[in-house]
Amino acid sequence: MPVTVPSPVSGESAASAAATQQAPVEKSDAQWRQELSSEEYRVLRQSGTERPYTGEYWDTHTKGVYKCRACGTELFTSNEKFDSHCGWPSFWAPLAEGTVRYIHDRSMGMDRVEVRCGTCDSHLGHVFDGEGYGTPTDQRYCINSVSLKLVPADDAGL
């Protein structure tokens, strides 16, 4: 089955996409190890995966913005989050074009698309399409909770 790299969120202007992007974050491995917990480092910097149904946000319905736990870039919102019952937080689109980047991943005997933070290049999870979920994009961004930090709508000023 061919892997399709997701297209940008429809209706988004280039100006709004550029406004959400931040300058690239570049840190040494030692800096990342110092700033992140061992589990955060394993997932974010070594492309690990947390076990299903164990992460903080897989079953969360709180309104807000999901930021990259490593650098704070806004990546997803609760408006695009949906219940996929896969054991990880699922979103049907990122916040804006350029907030995430995609890498063809052939590890573990699978053919899939890895999702990384567009600012600090941290591993977030994978995106799958054509699974039949009733979402506007028919895509499932399957993201590790440990890669995210939820800022509730009240705290985010939404």
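Is R140 buried or exposed? R140 is buried, at 8% relative accessibility. The views below show R140 and other parts of this predicted model.

**View 1. The predicted chain combines four helices with nine strands.** Along the sequence, the pattern runs α-α-α-β-β-β-β-β-β-β-β-β-α. The protein chain has 158 residues, and 43% of them are buried. Its accessible surface is about 8300 Å². Carbon and sulfur atoms account for 49% of that surface. Take the contacts between residues at least 6 apart in sequence: 56% of these join residues at least 24 apart.

**View 2. Six strands form an open antiparallel sheet.** The strand order is β3-β4-β8-β7-β6-β5. Two strands lie at the edges, β3 (81-82) and β5 (100-105). Each of these pairs on one side only. Strands of a sheet pair through backbone hydrogen bonds. β5 pairs with β6 (residues 112-117) in the antiparallel sense, over six bridges. In this pairing, H104 stands opposite V113 of β6.

**View 3. S84 sits in the loop between β3 and β4 (90-91).** S84 has 8% relative accessibility, so this serine counts as buried; the cut-off is under 20%. The side chains of S84 and S90 make a polar contact of 2.6 Å. Setting aside neighbours within four places in sequence, S84 is in contact with S90, Y133 and R140.

**View 4. R140 also forms a salt bridge with E131.** The closest N and O atoms of this pair are 2.7 Å apart. The partners differ in burial. E131 is partly exposed, at 38% relative accessibility. R140 is buried, at 8%. R140 is also one of the contacts of S84.

**View 5. R101, E114, R116 and D121 are joined into one network by salt bridges that share partners.** One of the network's pairs is D121 with R116. Their closest N and O atoms are 3.7 Å apart. R116 is buried, with a relative accessible area of 11%. D121 has a relative accessible area of 27% and is partly exposed. Across the whole structure, a search finds ten salt bridges.

**View 6. E35 and K27 meet through their side chains in a salt bridge.** The N to O distance is 2.5 Å. Which class of exposure does E35 fall into? E35 is partly exposed, at 44% relative accessibility. K27 is partly exposed too, with a relative accessible area of 30%.

**View 7. The largest nonpolar core holds 22 residues.** Which of them touch the most other members? They are L75, F76, I143 and L148. Several elements each supply at least two core residues: α3 (38-44), β1 (64-68), β2 (74-77), β6, β7 (123-129), β8 (139-143) and β9 (148-152). β6 gives the largest share, three residues.

**View 8. L148 is one of the core residues that touch the most other members.** Residues up to four places away in sequence are not counted here. L148 touches L75, F76 and I143, among others. Its contacts also include Y57, Y66 and F91. K67 and R69 complete the list.

Note on methods:
Residues numbered from 1 in each chain as written. Predicted model: local features only at pLDDT ≥ 70, side-chain atom pairs only at ≥ 80, totals over all residues. Heavy atoms only, no water. Pairing = 2+ DSSP bridges. Buried < 20%, exposed > 50% of the residue type's maximum accessible area, 1.4 Å probe, protein only. Polar contact = N/O pair within 3.5 Å; in protein donor to acceptor, adjacent residues only side chain to side chain. Contact = heavy atoms within 4.5 Å. Core = buried A, V, L, I, M, F, W, Y, C linked by side-chain atoms within 4.5 Å. Areas by Shrake-Rupley, 256 points an atom, 1.4 Å probe, with all protein chains shown as cover. Salt bridge = Lys/Arg side-chain N within 4 Å of Asp/Glu carboxyl O.
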